[in-house]
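Me: I am new to this structure and would like to get to know it through a few short questions. Could you show it to me before we start?

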Amino acid sequence: MRLAPVLLLMVAVSSAAPANFFNNAYDFSDGLAEFYGKVSKYIESVRHDVTPSTTCDTSKISLPSFASSLPSPDGVTPMYVALGRGTQNYTCADSTSNSAPVAVGAVANLYNATCIAANYPDLMEMLPNIAYKISMPANEYAAFPPANIQLMGHHFFYDSTTPEFNLDTTALNQYGVAMTKKKDQLSAPSDAAKGENGAVAWLYLTTTTGTVGKYKSVYRVNTASGSPPATCQGMPAAFEVQYAANYYFFGN
C-alpha cells in the first residue's frame with residue numbers, strides 16, 4: 001500500500017506525542033517501542049519503493065510458523081484476520097486451593113487487521129503482546145491502539161461449547177457469523193506474553209451449524225495472557241483474566 005495509511009497513522013501518533021503521553025494512555029513498554037520502530041522502517045522502505053503495493057492481498061496471509069503443529073488449513077483460503085482483545089472467563093467452586101478454576105468462555109472485541117497480516121506479518125504477530133495491556137476503548141466502536149484498527153465484530157460463547165464470532169458489526173459492515181467448535185489445541189510458545197499466569201493455548205476451530213458465510217475454520221494464535229491461577233485460593237466465584245490473540249478466518 002502506498003505509504004500504507006495504517007502505518008502512517010501509527011508513526012504520526014508516535015512522533016508527535018510527548019513521551020509522557022504514552023505512559024498516561026497505556027504502558028509504553030519495550031515491546032511497544034519495538035513495534036513503532038518497525039513501523040518507521042516500513043514507512044521508510046515504502047517511500048523509496050518506486051512500485052509500492054497498492055493492494056491488500058489476502059492470498060499472502062499465512063499462519064505463524066509455530067502453528068504448524070495444528071491441522072493445516074487445506075482446501076480453504078484466508079478470508080480475514082482479527083486482533084481479539086477481551087477476557088477469558090472462569091468460575092471457582094470455592095476459594096480454596098482444593099479446587100481449580102473452570103473455563104466458562106470468553107468475551108472479546110475483534111478488530112480488523114487483515115491488511116496488516118497480509119502486508120506486515122511480523123507486526124501482526126507482535127500486536128497481542130502489546131494489546132492485552134491496553135484498556136478497551138470507552139467507545140465500543142472506536143479504533144484500537146496501537147495500530148488504530150477498526151472494530152470488526154465480537155467473540156463470545158453461544159453456549160458452553162460453541163465459540164461464536166459475530167462479524168456483522170454494523171449495517172454497512174456485514175462479514176457474517178462463524179459458529180465453531182474446538183478441534184485441536186497447542187500450548188502457547190515459551191516467548192508468549194504470560195501476564196500473571198500464562199498465555200492461553202493456540203486453537204484450531206471448525207465451523208458448525210448456524211455459520212453465516214463461507215467460513216470453514218478459525219485459528220486462535222499469538223495468544224497473550226488469559227490463563228487463570230493454578231488454584232482457586234483466594235479467588236471469587238467468577239472472575240475474568242485479560243487477554244489478546246490473533247484470529248485467522250479461513251473459508252472457500
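Me: Leaving aside neighbours within four places in sequence, which residues is Ser227 in contact with?
Reply: Happy to help! This is a predicted model, where local features need pLDDT of at least 70 and side-chain atom pairs count only at pLDDT 80 or more, while totals for chains, interfaces and linings use all residues. Residues are numbered from 1 along each chain as its sequence is written, and side-chain values use heavy atoms, with hydrogens and water left out. Contact means heavy atoms within 4.5 Å. With neighbours within four places set aside, the partners of Ser227 are Tyr90, Asn197, Gly198, Ala199, Val200 and Val241.

Me: Is Ser227 buried or exposed?
Reply: Ser227 sits in the loop between β7 (215-225) and β8 (238-251); strands are DSSP runs of E, at least two residues, numbered from the N terminus. Buried means under 20% relative accessible area, exposed over 50%, and partly exposed in between, with a 1.4 Å probe and protein chains only. Ser227 has 13% relative accessibility, so this residue counts as buried.

Me: Which side chain does Thr162 join in a polar contact?
Reply: Thr162 belongs to strand β4 (residues 162-168) and is buried, because its relative accessibility is 13%. A polar contact is a pair of N or O atoms within 3.5 Å; within protein, one must be able to donate a hydrogen and the other to accept it, and residues adjacent in sequence count only if both atoms are side-chain atoms. At 2.7 Å, the side-chain partner of Thr162 is Asp159.

Me: How many aromatic pairs are there?
Reply: Rings of Phe, Tyr and Trp (its six-membered ring) pair if their centres lie within 6.5 Å; planes under 30 degrees apart count as stacked, over 60 as edge-to-face and the rest as tilted. By this rule, the count is ten.

Me: How many residues apart in sequence are the parts that Tyr80 and Tyr215 tie together?
Reply: Tyr80 and Tyr215 form a tilted pair, 6.5 Å centre to centre with 45° between the planes. Tyr80 lies in strand β1 (residues 77-91) and Tyr215 in strand β7, so the separation in sequence is 135 residues.

Me: Is Tyr215 buried or exposed?
Reply: Its partner Tyr80 counts as partly exposed because its relative accessibility is 21%. Tyr215 has a relative accessible area of 2%, so Tyr215 is buried.

Me: Which residues do ring pairs link into a cluster with Tyr80?
Reply: Tyr80 also belongs to a wider group linked by ring pairs. The other members of that cluster are Phe165, Tyr175, Tyr215, Tyr247 and Phe249.

Methods:
Helices (H or I, at least four residues) and strands (E, at least two) are DSSP runs, numbered from the N terminus.
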